[in-house]
Each structure stands twice: as C-alpha cells, then as structure tokens.
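Thanks for asking me to look through this structure with you. Have the view open while you read, and pause at each point to find the residues for yourself.

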2 protein chains.
Amino acid sequence: ELAQLSANLFAVGSLTGKRVVITAGPTREAIDPVRYISNHSSGKMGYALAQACIEAGAHVTLISGPVHLPTPDRVQRVNVTSALQMLAASQQALAEGCDMFIATAAVADYRPAAVAEQKIKKQGDEIVIELVKNPDIVATIAQSTPRPFVLGFAAETQYVENYARAKLEAKKLDMIACNDVSRADIGFQSDDNAMTVFWRGGYQKLDKANKSLIARQLVALCVQQLSAINPAIAHNPS
Amino acid sequence: ELAQLSANLFAVGSLTGKRVVITAGPTREAIDPVRYISNHSSGKMGYALAQACIEAGAHVTLISGPVHLPTPDRVQRVNVTSALQMLAASQQALAEGCDMFIATAAVADYRPAAVAEQKIKKQGDEIVIELVKNPDIVATIAQSTPRPFVLGFAAETQYVENYARAKLEAKKLDMIACNDVSRADIGFQSDDNAMTVFWRGGYQKLDKANKSLIARQLVALCVQQLSAINPAIAHNPS
C-alpha cells in the first residue's frame with residue numbers, strides 16, 4: 001500500500017547519498033526590458049519535492065524560476081529566469097553528478113525570437129510577436145549519457161493519459177506525473193494536488209492531498225522504480 | 001522646500017474627505033489557460049502611494065493587478081488580472097466618486113487577440129501571437145466628464161522627458177511622474193525610486209529615496225497642483 005511504502009522508504013533514508021536535481025516554477029521569456037511571457041506556475045510542487053527528497057536523505061539542487069517561496073533547509077537553490085538559463089543550470093548540475101532529475105518547472109515552450117533592447121513603444125492597433133521554440137530541458141537531460149532517473153510532469157487540460165504516455169515515450173522519461181490543470185481545486189496555484197503517475201508497465205493514482213504528502217508519495221514511487229531499474233538502490237544502507 | 005511642503009501637507013490631513021483611486025501592479029493578459037504576457041511591475045510604488053494617501057486623510061481604493069504585497073490598513077483593495085478588468089474596476093470606482101486618480105499600474109499595452117480555451121500544444125519551430133491594443137486606462141479616466149485630478153506614470157528607458165511631456169498632453173493628464181527603468185538601482189522591483197514629475201508649466205525632481213518617502217513627496221505635489229486648479233482644497237479644514 002502506498003502510504004506504507006512511503007513511510008518505509010522515508011524511514012530508511014532511501015535517497016541517502018543520492019544527488020537529486022529539481023527544476024521548479026515558471027520561466028520568464030523577455031519581450032523587452034519590461035515585458036515578458038510567463039505562466040501561472042507557483043513552484044509549490046517542486047519546492048515540496050525538494051523538501052521530501054531532503055527528508056529522504058538526498059543532496060538536493062533546486063533550479064528555480066521566479067517564485068515567491070522560501071528555500072527549504074539544506075537545499076542548494078540556483079535562481080534562473082529564462083528557459084535557456086534553466087537548461088544551462090540543469091546541464092551544469094548534471095555534469096556535477098545527478099542520480100535523479102525531477103522536472104516540475106513549467107518551462108515556456110517558446111520565447112520571443114528577438115528581445116528588444118529598449119522598451120517597445122505602443123504602435124498600431126495590432127502587432128505580432130514572433131516566437132521560436134525553446135529547448136526541451138527534460139528531454140535533453142533524459143537523452144544525455146550517462147543519464148539520471150528522470151521524472152517529468154505534464155499539465156494538461158484534456159486527454160490527460162494519452163498525452164502523458166506519449167510524452168513518456170517521446171522524451172524517454174522514466175516516469176511522468178500528470179495532473180489535469182482544468183480542475184480549479186488543484187494544480188498550479190493551489191496547496192493541494194492530485195495526479196496520476198505513469199511509467200512503462202504501470203501507473204498509480206495519487207488522490208487529492210496537500211502537496212507535501214503528494215511529494216512524499218511521488219518520491220516513494222521514484223525510489224521504487226529506480227530500484228527496479230538499478231536494484232543496488234534497494235540495498236542502500238539505512 | 002519640498003520636505004517642508006510635504007511635512008506641512010501631511011500635518012493638516014490635506015486629503016481629508018477626498019476619494020483617491022490608485023491602480024497598481026502589472027496586468028496579465030491570457031494566451032491560454034496557463035500562459036500569459038505580463039511585465040516586471042512589483043506594485044510597490046502604488047502600494048506606497050496608497051499608504052501615503054491614507055496618511056493624508058483620504059479614502060483610498062486600490063485597484064491591484066497580481067502582486068505579492070499586503071494591503072495597507074484602511075485601504076479598500078480590488079483585485080484584477082487583465083487590463084480590461086482594471087478598466088472596468090476603474091470606471092466603477094470613478095462612478096462611485098473620485099477626486100484623484102493615480103495610475104501606477106504597468107498595464108499591458110496589448111493583449112492576445114484570442115484566448116485559447118485549452119492549453120496550446122507545442123507546434124512548429126516558430127509561431128506568432130497576434131496582439132490587439134488594450135484600452136488606455138489613464139487616458140480614458142482623464143478624458144471622462146466629470147474628471148478627477150489625474151497623475152500618470154511613465155517608465156521609459158530613453159528620451160525620458162520628451163516622452164513624459166508628450167504623454168502628459170496626449171492623455172490630458174494633470175501630472176506625470178517619470179522614472180528611467182534602465183537604471184538598475186531603482187524602479188520596478190526595487191524598494192527605492194527616483195523620478196522627475198512634470199505638469200503644465202513646471203517640474204520637480206525627486207532624488208533617490210525609498211518608495212515611502214517618494215510617495216509622500218508625490219502626494220504633496222499632487223495636493224499642491226490640485227489646489228492650484230481648484231483653490232477650495234487649500235482651505236480644507238484640518
């Protein structure tokens with residue numbers, strides 16, 4: 001049972017000696033010195049996961065977009081703004097050693113093709129902003145060699161399971177956690193969450209709960225899958 | 001001398017019985033359910049002005065975009081997200097009675113022409129977002145009949161005075177406060193500010209200081225100009 005699994009794994013410090021890198025929050029993509037494109041990510045899920053990983057004994061690097069949250073004790077926080085900065089920080093953290101990469105950040109898919117050096121003056125009644133695709137951070141990390149265990153997230157408003165399984169394969173993730181952001185009572189700005197977690201050959205629903213509890217359950221599932229891939233971790237000394 | 005003027009005006013409760021409406025913070029313009037365009041306004045200047053107006057005896061309505069600031073005591077706060085919502089709230093506040101309108105909000109000049117009902121899926125390497133012009137809130141209020149005393153703001157990165165005087169005339173403002181947001185040590189996210197305030201026939205530089213002091217000096221200048229336009233306010237009973 002999940003609650004018992006979670007309790008057991010935390011009791012034995014199941015991530016002791018492991019290095020976990022977590023991305024969190026939104027990215028902001030500059031249009032000019034004052035304007036940007038962003039999204040409603042609060043960063044709460046990523047920060048809760050950082051806390052849970054610390055409690056499980058891990059060394060945690062938290063690569064954070066602009067949020068209004070305190071850094072959990074013992075977490076090494078790296079502040080970034082744009083997707084390009086978040087990718088660079090993630091690759092640097094990977095180079096320094098990373099056993100598990102958890103990508104909760106709501107990275108902007110696109111950024112303005114050009115960033116104006118001066119504030120853009122109001123012009124005609126209609127303008128267009130040209131956007132170019134940002135790098136896919138979690139896919140880049142998941143396709144690195146050597147690679148850590150990779151947990152991705154999907155925030156969908158429809159066809160949740162289909163998109164989640166397609167992302168798991170396309171990006172070569174080990175696990176994907178998926179919540180339906182069209183539900184008003186959970187998700188982005190909320191303190192609660194509910195999600196379904198998919199991996200190859202299985203899934204687990206996590207009922208609505210506060211993000212701290214969801215985070216501990218997620219970490220327990222990660223450790224379970226990580227030990228299935230690499231049995232050595234199951235013998236991690238407590 | 002400005003400091004003395006400021007001290008005197010606050011001592012006599014120079015806005016007692018007056019209704020002040022202040023807009024503050026950024027607006028967010030939705031692209032889809034999770035993405036938006038916004039800007040770096042922290043709302044600090046507007047909130048400091050709300051506090052200063054309360055101290056000067058006014059009844060204050062603070063129409064606020066999404067910010068992370070506590071509401072000053074005795075201020076009536078109205079939360080809004082988009083420019084269209086901020087305009088509607090401003091017009092409602094005007095209909096309820098408004099002697100002075102202070103437009104500190106960094107209102108998005110443009111909003112996406114269409115808001116997608118579902119999260120937009122990642123598509124090709126490049127996309128464009130079509131934007132349409134938002135209503136000009138401060139100009140709309142300044143051109144209403146009857147109209148309050150109107151203080152506008154300009155955040156420019158170049159040709160500061162030229163733009164400020166052109167805005168004062170084009171929008172029919174009574175006063176405009178202008179800071180150079182290209183200075184890294186003041187402005188949007190900072191606790192300090194420095195600005196130059198322009199009105200027809202004069203201007204006043206406000207040296208770098210914390211936003212609370214700048215706010216009191218600005219309110220003092222507003223009262224001075226308001227009393228020049230409408231001498232009755234100079235005889236406001238203390």
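Below are my numbered points, with a few questions to try along the way.

1. A word of caution to begin with: this is a predicted model. Please keep that in mind as you read every value below.

2. Let us start with chain A taken by itself. Six helices and 12 strands make up its list of secondary structure elements. The chain has 238 residues, and 54% of them count as buried. About 10400 Å² of chain A is exposed, and 50% of that area is supplied by carbon and sulfur atoms. Look at the contacts too: among those in chain A with a separation of 6 or more, 63% are between residues 24 or more positions apart.

3. Now bring in the other copy. What turn lays chain B on chain A? A turn of 180° does so, with a shift of 0.0 Å along the axis and an RMSD of 0.0 Å. That is how a two-fold axis relates two copies. If you want a residue to help you find the axis, try Ile37(B): within chain B, its C-alpha comes closest to the rotation axis, at 2.2 Å.

4. How do the copies meet? Of the interface residues of chain B, 100% are also interface residues in chain A, so the two copies meet through the same surface.

5. One sheet deserves a careful look, with strands from both chains. What is the order of the strands in this open sheet of four? Reading across, you find β2(A)-β3(A)-β3(B)-β2(B), with antiparallel pairing. The edge strands are β2 (29-30) of chain A and β2 (29-30) of chain B, and each of them pairs on one side only. As a reminder, the strands of a sheet pair through backbone hydrogen bonds, and they can be parallel or antiparallel.

6. Zoom in on the chain A half of that sheet. Two bridges link β2(A) to strand β3 (residues 35-39) of chain A, and the sense is antiparallel. For a pair to click on, take Ala30(A), whose bridge partner in β3(A) is Tyr36(A).

7. Next, find the hairpin of β11 and β12 in chain A. Strand β11 (residues 192-199) of chain A has seven of its eight residues buried, so the rest of the structure largely encloses this strand. Its partner is strand β12 (residues 202-210) of chain A, which runs antiparallel and is joined to β11(A) by seven bridges. Across the pair, Asn193(A) stands opposite Ala209(A) in β12(A). Two residues lie between the strands of this hairpin, and Gly201(A) in the turn has a positive phi of about 90°.

8. The hairpin in chain B can be checked in the same way. Strand β11 (residues 192-199) and strand β12 (residues 202-210) of chain B pair in the antiparallel sense over seven bridges. Here a good pair to find is Met195(B), which stands opposite Leu206(B) in β12(B). This hairpin of β11(B) and β12(B) has two residues between the strands, and Gly201(B) takes a positive phi near 90°.

9. How many aromatic pairs does a search of the whole structure find? Two turn up over all chains. In one, the ring centres of Phe198(A) and Tyr203(A) are 6.2 Å apart and the planes are at 35°, so this pair is tilted. Phe198(A) counts as buried, at 2% relative accessibility. In chain B, Phe198(B) and Tyr203(B) also form a tilted pair, 6.2 Å centre to centre with 35° between the planes. Is Phe198(B) buried or exposed? At 2% relative accessibility, Phe198(B) counts as buried, whereas Tyr203(B) is partly exposed with a relative accessible area of 49%.

10. Let us turn to the cysteines. The structure holds zero disulfides over all chains. Why does Cys98(A) have no bond to Cys53(A)? The closest cysteine sulfur to that of Cys98(A) is in Cys53(A), 11 Å away, which is too far for a bond. Cys222(B) is in no disulfide either, and the nearest cysteine sulfur, that of Cys53(B), is 7.3 Å away. Cys98(A) counts as buried at 14% relative accessibility, and Cys222(B) counts as buried at 1%.

11. Finally, visit a loop. Thr16(B) lies between α1 (2-11) and β1 (19-24) of chain B. With a relative accessible area of 39%, Thr16(B) is partly exposed. Try a distance from there: Thr16(B) and Asn134(B) are 118 residues apart along the chain, and 34 Å separates their C-alpha atoms.

Notes:
Residues numbered from 1 in each chain as written. Chains lettered and ligands numbered in written order. Predicted model: local features only at pLDDT ≥ 70, side-chain atom pairs only at ≥ 80, totals over all residues. Heavy atoms only, no water. Least-squares fit on C-alpha atoms with pLDDT ≥ 70 in both. Contact = heavy atoms within 4.5 Å. Pairing = 2+ DSSP bridges. Disulfide = S-S within 2.5 Å. Buried < 20%, exposed > 50% of the residue type's maximum accessible area, 1.4 Å probe, protein only. Phe/Tyr/Trp six-rings, centres within 6.5 Å; stacked < 30°, edge-to-face > 60°. Areas by Shrake-Rupley, 256 points an atom, 1.4 Å probe, with all protein chains shown as cover.
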